[in-house]
Amino acid sequence: MLRKFASVRFSLSVLLVLSVIFAAYSIYYKTTYWGFNFAPGQNSDVWTIEAHIAFEPTGEPIKVTLTTPQDSNAFKILEENVIADGYKSKKIDGEISQLVLQSPAQTKSQDIYYRVLLFDNIDTRGKTKAPRPEKPKKPIFDEQRMAAANQILEIAQKQEGDAVAQVIRLLNQVPADPTVQSYLPLKKTQSDMFETTKDLLALKGIPARAVRGFRLEENRKSVAPDLMLEAYIDNQWKMYNLTTADKGLPENFVVFQRGGKSLIDVEGGENSSIKFSVLKSVTSSMGLAGKRAQLAGQKSLFDYSVYNLPLAAQNTLKWLSIFPLGILVTVLMRNVVGVQTMGTFTPMLLAMALIKTGFWAGLICFSLIIGIGLLLRFVLSKLNLLLVPRIAAVVIFVILIMQMFTVFGFQFKLNIAQSAVFFPIIIMAWIIERASITWEEDGPLNAGKEIFFSVLVAIVTYFVINDEYIRHIMFAFNELNLVILFAVMLLGTYTGYRLTELKRFQPLKKG
C-alpha cells in the first residue's frame with residue numbers, strides 16, 4: 001500500500017515538473033512571438049504614415065513608382081492601402097519594396113494617397129545585415145578638386161570616431177575649415193552634404209548609400225523625409241546622422257528607402273510633389289497578437305486559442321481562468337494550514353461575491369444576511385420540518401432578505417444594502433443551514449469557528465484573485481492552470497501535520 005502511494009506521488013511530481021516546463025516554454029513563446037506582457041493594460045503604438053502624391057498629367061499613360069517600407073526588426077507593417085481612382089496597383093517586394101501604379105492618360109490634376117500602419121519599434125542600432133557590397137566607384141574630379149578632397153580626408157583623421165564619423169564631423173565643424181568651406185557649395189542642402197560625404201568615402205573605398213525615413217512624432221503634417229547616410233564599415237552597414245555623426249537608428253525612426261535617387265518616380269506627369277503626414281494611435285498589445293502570430297507563421301495556432309474569441313466570451317473566460325488559483329488557496333488553507341471551512345468551494349464563491357460587491361460592503365451584507373438567516377432558521381427548527389422543505393424555506397427567506405436590502409438601499413442610497421444581490425443565493429442558504437446544524441450538534445463555538453474561517457479564507461482568496469496583475473497573467477498565460485492542477489493533486493497526497501496541529505502536539509515534542 002505504501003509502495004503504491006509513493007508511486008502515485010512520484011508520478012504526480014513528474015507530471016508537475018513537465019507541466020512547469022511546458023508552461024515556461026509557452027510563456028516564452030507568447031511573449032516573444034505574440035507580444036504578450038506580464039503587466040495588464042499594456043498598449044502598443046500604431047503609427048499611420050500617409051503620403052499624398054500630386055502631379056499634372058502630360059496626356060501620356062501614367063506610371064507612378066513609390067518606394068514603400070518593409071517589415072524589419074524596427075517596425076512591422078500592420079496594414080497598407082492606397083486610394084488611386086482609375087489606377088491598377090502592383091506591389092514589388094525585393095531588396096527595395098515598391099508600389100507601382102499605372103493608368104491610361106488623364107487630363108485632370110492627379111491626387112494619390114498611400115497609407116501604411118506600422119507597429120513595434122525596436123532599436124536596431126542602425127546595423128543591417130547584408131552581403132558585402134562591391135567597392136564604390138571613385139568620383140571623377142579635376143586635379144584641383146581631387147587635391148582638396150585628399151586634404152579634407154587627411155584633416156578628418158584628427159576628428160573623433162571611425163572613418164565615416166570623422167568625415168561627417170569635419171564637414172559640419174563650426175567654424176568651418178577653410179578647405180572644407182571652399183569645397184562645399186555656398187548654400188549647402190542636406191542632399192549636398194550626403195553627396196559630398198559619399199564621394200569622400202568612395203575615395204577611401206567605403207561604400208555608402210542614402211537612407212530616407214521619418215522620425216515618428218505625433219500629429220506631424222506635410223513633413224519631408226529625413227535623409228541619413230548608411231556606410232559599410234567593419235563588415236556591416238551602419239547608419240549615421242549627417243549633421244552630428246551620431247551612429248545608430250534614431251528612436252522611433254522608420255526607414256522608407258535605402259539607396260536609390262528618390263522616393264517617387266512619375267512617368268506621364270510633371271510638377272510632381274509628395275507630402276507626408278504622421279499620426280499616432282494606441283491599441284492593446286493583445287489586440288495585435290493575431291497579427292504578430294501571422295507574421296511568426298502561427299496564424300492557425302492563434303485562431304484556435306481563446307484569444308481569438310469575441311470579447312464577451314473572453315471576459316467570461318477571464319473569470320474562469322482565475323478560479324483554479326482561488327481553489328489552490330482553499331486547498332492550501334485546508335490541507336496545509338489546517339483551517340476548517342464550510343465546504344471546499346464556499347470561500348471561493350464568497351471571494352467572487354466580494355469582488356462584485358466591494359470588500360467592506362460585501363462583508364457587512366454577508367454578516368447581516370447570515371445573522372438574520374440563522375435567526376429565521378432557529379424559528380423554523382421549532383416547526384420540525386423535513387430537510388428539503390426546510391432548506392427551500394431558508395432559500396426563500398434569503399431571497400426576501402436580499403430584496404429588502406435592495407429596496408432600503410435604493411431609498412436611502414446605501415450601496416452596502418444594494419450589494420446584497422450579488423451574493424449567490426443557494427450558497428448563502430446552504431451556509432445558514434450548515435451553520436445551524438453545526439450549532440445544534442457541536443455547539444455555537446464550533447459553528448462560529450467554521451463561519452469565521454470560511455470568511456477568513458474568502459478574504460485571503462479575495463486579495464489574491466482581485467489583483468489585476470494576477471488576473472491578467474492567469475488569462476494571458478492560462479497554461480499555468482495545468483501547473484495548478486498537478487499541484488492540487490500532489491497536495492492530495494500530503495499526509496503530514498497541518499500548521500494548526502503543531503500547537504496541539506507541542507507537548508509530545510517536549511516529552
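Leaving aside its neighbours within four places in sequence, which residues is E450 in contact with? They are Q340, T341, M342, R434 and T438, where contact means that heavy atoms lie within 4.5 Å. E450 itself is placed in helix α14, and it counts as buried because its relative accessibility is 11%, buried meaning under 20% relative accessible area, exposed over 50%, and partly exposed in between, with a 1.4 Å probe and protein chains only.

This is a predicted model, in which local features need pLDDT of at least 70 and side-chain atom pairs count only at pLDDT 80 or more, while totals for chains, interfaces and linings use all residues. Residues are numbered from 1 along each chain as its sequence is written, and side-chain values use heavy atoms, with hydrogens and water left out.

## The chain as a whole

The protein chain has 18 helices and 13 strands; helices (H or I, at least four residues) and strands (E, at least two) are DSSP runs, numbered from the N terminus. Of the 511 residues in the protein chain, 41% are buried. Among the contacts between residues at least 6 apart in sequence, 77% join residues at least 24 apart.

## The four-stranded sheet

Four strands form an open sheet in the order β4-β5-β2-β12, with antiparallel pairing, two strands being paired if DSSP finds at least two bridges between them. At the edges stand β4 (88–92) and β12 (264–267), each of which pairs on one side only. On average, neighbouring strands of this sheet are turned by 15° against each other, direction ignored; the axes behind such angles are lines fitted to C-alpha atoms, for helices over the stretch in contact, and angles run from 0 to 180 degrees between N-to-C directions.

Strand β2 (residues 62–67) is mostly covered, since five of its six residues are buried. Six bridges join β2 to strand β5 (residues 98–103), the two running antiparallel, and I62 stands opposite S103 in β5. With β12, strand β2 pairs in the antiparallel sense over four bridges; here T65 has D265 as its bridge partner, and L66 stands opposite I264.

## Nonpolar cores and helices

A nonpolar core is a set of buried Ala, Val, Leu, Ile, Met, Phe, Trp, Tyr and Cys residues joined through side-chain atoms within 4.5 Å. The largest such core has 39 residues, of which I370, V398 and M428 touch the most other members. The helices that each supply at least two residues of this core include α8 (311–337), α11 (387–412), α14 (444–465) and α16 (480–491). A second, separate core has 30 residues, among them I168, M193, L200 and L242. In soluble globular proteins, nonpolar side chains tend to be buried together.

Helix α16 has 12 residues and reaches 16 Å from its first C-alpha to its last, close to the 16 Å expected at 1.5 Å a residue, the expected span being 1.5 Å times one less than the number of residues. Its buried residues include V483, I484, F486 and L491. L491 also links α16 to V336, which lies in helix α8: the C-alpha atoms of V336 and L491, 155 residues apart along the chain, are separated by 8.3 Å. Leaving aside its neighbours within four places in sequence, V336 is in contact with V331, L491, Y497, R498 and L499, and with a relative accessible area of 24% V336 is partly exposed.

Elsewhere, helix α2 (residues 143–156) and helix α3 (residues 163–171) pack at an angle of about 105°, with their axes 9 Å apart. The two helices α2 and α3 are therefore roughly perpendicular to each other, a term for angles of 65 to 115 degrees, whereas those under 35 count as roughly parallel, those over 145 as roughly antiparallel and the rest as oblique. Where they meet, I152, L153, I155 and A156 in α2 face Q166, V167 and L170 in α3.

## Backbone details

Most residues other than glycine have a negative phi, and most peptide bonds are trans. The peptide bond from V174 to P175 is cis, with omega near -5°, and P175 is placed in the loop between α3 and α4 (178–183). Two residues with positive phi are set out below.

| Residue | Phi | Place | Relative accessible area |
|---|---|---|---|
| A245 | near 70° | loop between β10 (236–240) and β11 (253–258) | 4%, buried |
| N271 | near 55° | strand β13 (residues 269–284) | 65%, exposed |
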